[in-house]
Amino acid sequence: MAGRRRVSGASVVALCLLLVALVACGGPPVADSARAEVQSLLDRRARAVLDRDPVAYARTGDRTGYDRLSAVPLADWSYRVTAVRRSGDTATAQADLSYRVRGHDRAPVTTARTLRLSRGADDRWSVDSDRPARKAGQQLWDQGTVRVARGERSLVLGVGRPADQLRGYAELADRAVPAVSDAWQRPWPRRVVVLVPDSLQGMAGLLNSPASSYRGIAAVTTGETGTGRRAPADRIIVNPDAFGLLGDSGRRVVLTHETTHVATRTHTTAATPLWLSEGFADWVGYRSGARAPAEAAPELAYAVGRGDLPTALPDDEDFGFSGDADRLARAYESGWLACRLIADRWGEDRLGEFYRAVGAHGQREGAVDSAMKTVLGTTREAFTAQWRDYLRSELG
């Protein structure tokens, strides 16, 4: 047959032996070799971050990241390469970055990163850029050089903000921590981390969400609910645009509200409705103030005044940031007054016990009803009727 020739048996054996030798001696595939080299590079880069060694960091590639995060007090910093796609002397690596802020994080915060790399004449890889992966939020140092303000019970990290402004946040947080501890007398870290980006857009970048979702929202708290004591510290993320419009009292309420979420996180689960978690946080925020209910709940007061009394406690959907702003305000105010009612009629200790009982139920269905029966000795229907009477008396 044209174009073919027969191979003898001896030739076949020799060819097989050659292939075996190549597999045995050739080492891992090229892609695996690149992955190992990149992992070694990032291990050196991480060590330079922890050692505060800018020279060693610069040897691994672009040093922009080092300059931006050098003020952050880090206890741990490491990368775990999950994939490498190589094209000649360039490569793209996917990696999980894990880090802990010293004195605050009991377990690492982990976030996905995309790194661009190139290989130089010395045959070594270097990092050209280190950015959030496509579906991951930014870290504060992705937005600029981080400045730090340390409080007695707080750590404030900011970008594009003057030092005295960051100290103001630390003072507010330092006042919020004991206020929350007085209302929530359960073990919690009693320390908070506050992130202050340069703008609403910066806040949205940290949360990996559209800025429109948080317009008018002064702050939010991130963190996994229902987790154990080894969970990473929550982050209170400030919207400086909205926060800056508040007066002193409003700023205190906001920071106390968000700090309450940090304190109650381990007892907040999928069983906890938002009217309870947000209402309890508002109750703690307003607890030491002197504002009358009609002043603290203006939207609900207006609705009650015109005869539009709610028939039920708000659903989770009523708390959507991207929906009707008045509806959102009424949802928060309704939850606050429900918690205030429990504290007034059953006592503050019973309110905390009710919160924990709902979270411990394990599933949403039946959680509130069970806790109302066992802790408050009432039913949802009876409580709702009392709550509606309470709204009339406090807001009418």
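Two strands count as paired if DSSP finds at least two bridges between them. The model on screen is predicted, and this tour goes from the whole chain to a sheet, a helix pair and one arginine.

**Whole chain.** Start with the protein chain in cartoon view: 15 helices and nine strands are there. Colour by burial next; of the 396 residues, 46% count as buried. With a surface switched on, the chain exposes about 19,600 Å², and carbon and sulfur atoms supply 48% of that area. For a contact map, take pairs of residues at least 6 apart in sequence: 62% of these contacts join residues at least 24 apart.

**The five-stranded sheet.** Select β5 to β9. These strands form an open sheet in the order β5-β6-β7-β9-β8, and the pairing is mixed. At the edges lie β5 (146-150) and β8 (219-222), each of which pairs on one side only. Looking across the sheet, the twist averages 20° from one strand to the next.

Now narrow the selection to residues 154-159 and 192-196. These are β6 and β7, which run parallel and are joined by five bridges. Strands of a sheet pair through backbone hydrogen bonds, so backbone atoms are the ones to display here. Which residue of β7 is the bridge partner of Ser154? Val192 is that partner.

Add residues 248-264 to the view. This is helix α8, which packs on the sheet and touches β7, β8 and β9 (235-238). The direction of α8 makes about 10° with that of β8.

**From Ser154 to Arg175.** Keep Ser154 selected and add Arg175, a residue of helix α5 (residues 163-183). In sequence the two are 21 residues apart; C-alpha to C-alpha, the distance is 9.7 Å. Is Arg175 buried or exposed? Its relative accessible area is 53%, and since the cut-off for exposed is over 50%, Arg175 counts as exposed.

**A helix pair.** Hide the sheet and select residues 274-287 and 325-345. Helices α9 and α12 pack here with their axes 7 Å apart, at an angle of about 70°. Angles of 65 to 115 degrees count as roughly perpendicular, so that term applies to α9 and α12.

Show side chains at the contact. On the α9 side, the residues include Trp275, Phe280, Trp283 and Tyr286. On the α12 side, Tyr332, Trp336, Cys339 and Arg340 are among them. Coloured by residue class, the contact divides into ten nonpolar, two polar and three charged residues.

Methods: Residues are numbered from 1 along each chain as its sequence is written. This is a predicted model: local features need pLDDT of at least 70, side-chain atom pairs count only at pLDDT 80 or more; totals for chains, interfaces and linings use all residues. Side-chain values use heavy atoms; hydrogens and water are left out. Helices (H or I, at least four residues) and strands (E, at least two) are DSSP runs, numbered from the N terminus. Buried means under 20% relative accessible area, exposed over 50%, partly exposed in between (1.4 Å probe, protein chains only). Contact means heavy atoms within 4.5 Å. Accessible areas come from the Shrake-Rupley method with a 1.4 Å probe; for residues, only the protein chains shown count as cover. Axes are lines fitted to C-alpha atoms, for helices over the stretch in contact, and angles run from 0 to 180 degrees between N-to-C directions. Angles under 35 degrees count as roughly parallel, over 145 as roughly antiparallel, 65 to 115 as roughly perpendicular and the rest as oblique. Ala, Val, Leu, Ile, Met, Phe, Trp, Tyr, Cys and Pro count as nonpolar, Asp, Glu, Lys and Arg as charged, and the others, Gly among them, as polar.
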